[in-house]
Amino acid sequence: MSSANKGVGKVEVTLKWDPSPSGSPDRDLDIIAAVYRAEEPQGAPAYLVHFGSRSPDGTITLQRESRTGQGFGFDEAMTLELNRLSPAYARVMVGVAIQQGGGRTTFGEIANALVVVKEGYRELDRYDFADLGDATAVTVVEFRRDGTGGWGWRRAVRGFDADPQSFTGLMGSEPA
């Protein structure tokens with residue numbers, strides 16, 4: 001992680017997409033955060049935050065959750081208070097998954113999907129899923145604790161062909 005990406009504290013990840021065309025089943029996208037222990041940052045997540053849940057210590061919360069993409073502005077919003085996260089955790093991966101209840105749906109079928117990562121008013125990153133149209137789930141950003149205890153971030157865009165439950169077990173793995 002470059003020095004330009006150091007020192008994030010409280011971050012918000014927001015997601016939006018257009019509703020399904022009239023007569024089509026609703027499309028439900030979800031922001032998911034996976035938190036990894038310091039002694040095993042590539043292992044299984046210590047816990048997940050998704051679908052209206054929050055972290056056990058309240059440092060990661062999903063404030064807004066949409067099942068249709070209807071509404072103005074961003075449909076889902078997750079806040080990560082990394083500066084309050086216990087030193088027992090050293091890595092957080094954030095991704096987006098499409099619920100697959102009505103048959104297989106890919107990001108190529110979702111109109112105007114966009115995720116934005118911000119710290120306060122400063123936009124850190126934005127991603128529109130255009131280059132991963134065949135994916136059903138995508139990791140977006142990785143936060144890592146550095147040697148001083150601060151948090152850095154990097155874009156970590158990687159597509160998967162997985163339902164949300166399977167995705168949570170894959171999202172922290174290293175690329176092949």
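**Strands, pairings and one helix residue**

Let's start with a single pair of residues: Leu-15 stands opposite Glu-76, which lies in strand S6. This is a predicted model, so keep that in mind as you look around.

What does that pair belong to? Strand S2 covers residues 10-16 and strand S6 covers residues 76-81; the two run antiparallel and are joined by six bridges. S2 has another partner as well, strand S8 (residues 114-119), and this pairing is also antiparallel, with five bridges. Here you can find Lys-16 opposite Leu-114 of S8. While you trace these strands, remember a general point: in a regular strand, side chains alternate between the two faces of the sheet.

Now step back to the whole chain. It holds eleven strands and one helix, and if you follow it from the N terminus, the strands come before the helix. Of its 176 residues, 47% count as buried. Among contacts with a separation of 6 or more, 67% link residues 24 or more positions apart. The accessible surface comes to about 8400 Å², and carbon and sulfur atoms make up 47% of that surface.

Finally, visit helix H1, residues 164-170, where you will find Leu-170. Is Leu-170 buried, partly exposed or exposed? Leu-170 counts as partly exposed because its relative accessibility is 36%, which falls between the 20% limit for buried and the 50% limit for exposed. Leaving aside residues up to four places away in sequence, Leu-170 touches Arg-158, Phe-160 and Ala-162. Thr-139 is 31 residues from Leu-170 along the chain, and their C-alpha atoms are separated by 9.6 Å.

How values were computed:
Residues are numbered from 1 along each chain as its sequence is written. This is a predicted model: local features need pLDDT of at least 70, side-chain atom pairs count only at pLDDT 80 or more; totals for chains, interfaces and linings use all residues. Side-chain values use heavy atoms; hydrogens and water are left out. Two strands pair if DSSP finds at least two bridges between them. Helices (H or I, at least four residues) and strands (E, at least two) are DSSP runs, numbered from the N terminus. Buried means under 20% relative accessible area, exposed over 50%, partly exposed in between (1.4 Å probe, protein chains only). Contact means heavy atoms within 4.5 Å. Accessible areas come from the Shrake-Rupley method with a 1.4 Å probe; for residues, only the protein chains shown count as cover.
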